[in-house]
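Biologist: Please take one loop and its surroundings and walk me through them slowly, residue by residue, in connected prose. I would like to know where each side chain sits and what it meets, before we move on to the parts that flank it.

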Amino acid sequence: MSVEVQLAAPAHRLPKVRDFRLWARQALQGESGDLCVRVVDADESQALNGRYRGIDAPTNVLSFPAAASLPGEAGLLGDIVVCAPVVEAEAAQQRKAAAEHFAHMVVHGVLHLRGHDHEAADEAQAMEELETAILGELGMADPHSA
C-alpha cells in the first residue's frame with residue numbers, strides 16, 4: 001500500500017507530507033491499495049467541484065474512487081483532493097487546530113474511497129463515529145463535537 005502526496009498549494013502553512021500519509025494509512029485500517037492525496041488551492045478545487053459535482057465553488061475535500069481492480073489485486077483505491085484554503089478557513093471558523101481539520105478531511109476522504117457515505121442519516125452517523133474513532137487513535141479530538 002502506498003500513499004502519494006502532492007502539494008499543489010502554497011506549502012508555508014501545510015502539515016508535513018508524512019502527516020498526510022499517516023492520516024491516510026490510519027483511515028485505511030489495514031486495507032490494501034494505493035491512493036493519492038493532492039492538496040490544492042481554491043481555483044483547482046473549484047474547477048474539480050464544478051466539473052464533477054456541478055458546484056461552482058471550492059470545497060474542503062473531494063474523493064475520486066478508482067475503477068475496480070481485478071480480483072486478488074490491491075490496485076488503486078483512488079484520489080483525494082483537499083483544498084488548503086477552505087480547510088484552513090473552516091478550522092479558523094470552527095476554532096480547531098488546522099492540522100486536526102486537515103487530518104479529518106483526509107480521513108473523511110479515505111472513508112469515501114473505502115465505500116462509506118453520508119447521504120442517509122444512519123450512514124452519516126456511522127461515518128462520523130468511524131471518523132471519531134480513527135482520529136481518536138491518532139490522539140485527536142472528536143471533530144463533530146461543538
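Modeller: Gln29 is found in the loop between H1 and strand S2, the latter spanning 34–40, and since everything here comes from a predicted model, what follows describes computed geometry. The backbone at Gln29 has a positive phi of about 50°, although this residue is not a glycine. As for its surroundings, Gln29 has a relative accessible area of 37%, and because that value falls between the limits of 20% for buried and 50% for exposed, the residue is classed as partly exposed.

The same loop between H1 and S2 also holds Glu31. The side chain of Glu31 meets that of Arg114 in a salt bridge, with a distance of 3.2 Å from N to O. Arg114 lies in the loop between H4 and helix H5 (121–137), so this pair ties together parts of the chain that are 83 residues apart in sequence. Both partners fall in the intermediate class of accessibility: Glu31 is partly exposed, with a relative accessible area of 30%, and Arg114 counts as partly exposed at 24%.

A search of the whole structure finds 2 salt bridges, and the other one is formed by the side chains of Glu44 and Arg38, which meet at 2.7 Å, N to O. Arg38 is partly exposed, with a relative accessible area of 26%, while Glu44, at 25%, is partly exposed as well.

On the other side of your loop we come to helix H1, residues 17–28, where Phe20 and Trp23 both lie, 3 residues apart, which is about one turn of the helix. A search of the whole structure finds 3 aromatic pairs. In one of them the rings of Phe20 and Trp23 have their centres 5.3 Å apart and their planes at 70°, and because an angle over 60 degrees counts as edge-to-face, the pair is described in that way. Neither residue reaches the 20% limit, so both are classed as buried: Phe20 has 0% relative accessibility, and Trp23 has a relative accessible area of 3%.

Phe20 also pairs with Phe102, the ring centres being 5.8 Å apart and the planes at 85°, so that this pair too is edge-to-face. It links distant parts of the chain, with Phe20 in helix H1 and Phe102 in helix H4 (residues 98–113), 82 residues apart. Phe102 counts as buried at 1% relative accessibility, and the ring pairs join Phe20, Trp23 and Phe102 into a cluster.

One further residue invites comparison with Gln29, namely Arg95, which lies in the loop between helix H3 (84–94) and H4. Arg95 has a positive phi of about 55° although it is not a glycine, just as Gln29 has a positive phi of about 50° without being a glycine. Their accessibility classes part ways, however, because Arg95 has a relative accessible area of 79% and is therefore exposed, whereas Gln29, at 37%, is partly exposed.

Key: Residues are numbered from 1 along each chain as its sequence is written. This is a predicted model: local features need pLDDT of at least 70, side-chain atom pairs count only at pLDDT 80 or more; totals for chains, interfaces and linings use all residues. Side-chain values use heavy atoms; hydrogens and water are left out. Rings of Phe, Tyr and Trp (its six-membered ring) pair if their centres lie within 6.5 Å; planes under 30 degrees apart count as stacked, over 60 as edge-to-face and the rest as tilted. Helices (H or I, at least four residues) and strands (E, at least two) are DSSP runs, numbered from the N terminus. Buried means under 20% relative accessible area, exposed over 50%, partly exposed in between (1.4 Å probe, protein chains only). A salt bridge is a side-chain nitrogen of Lys or Arg within 4 Å of a carboxyl oxygen of Asp or Glu.
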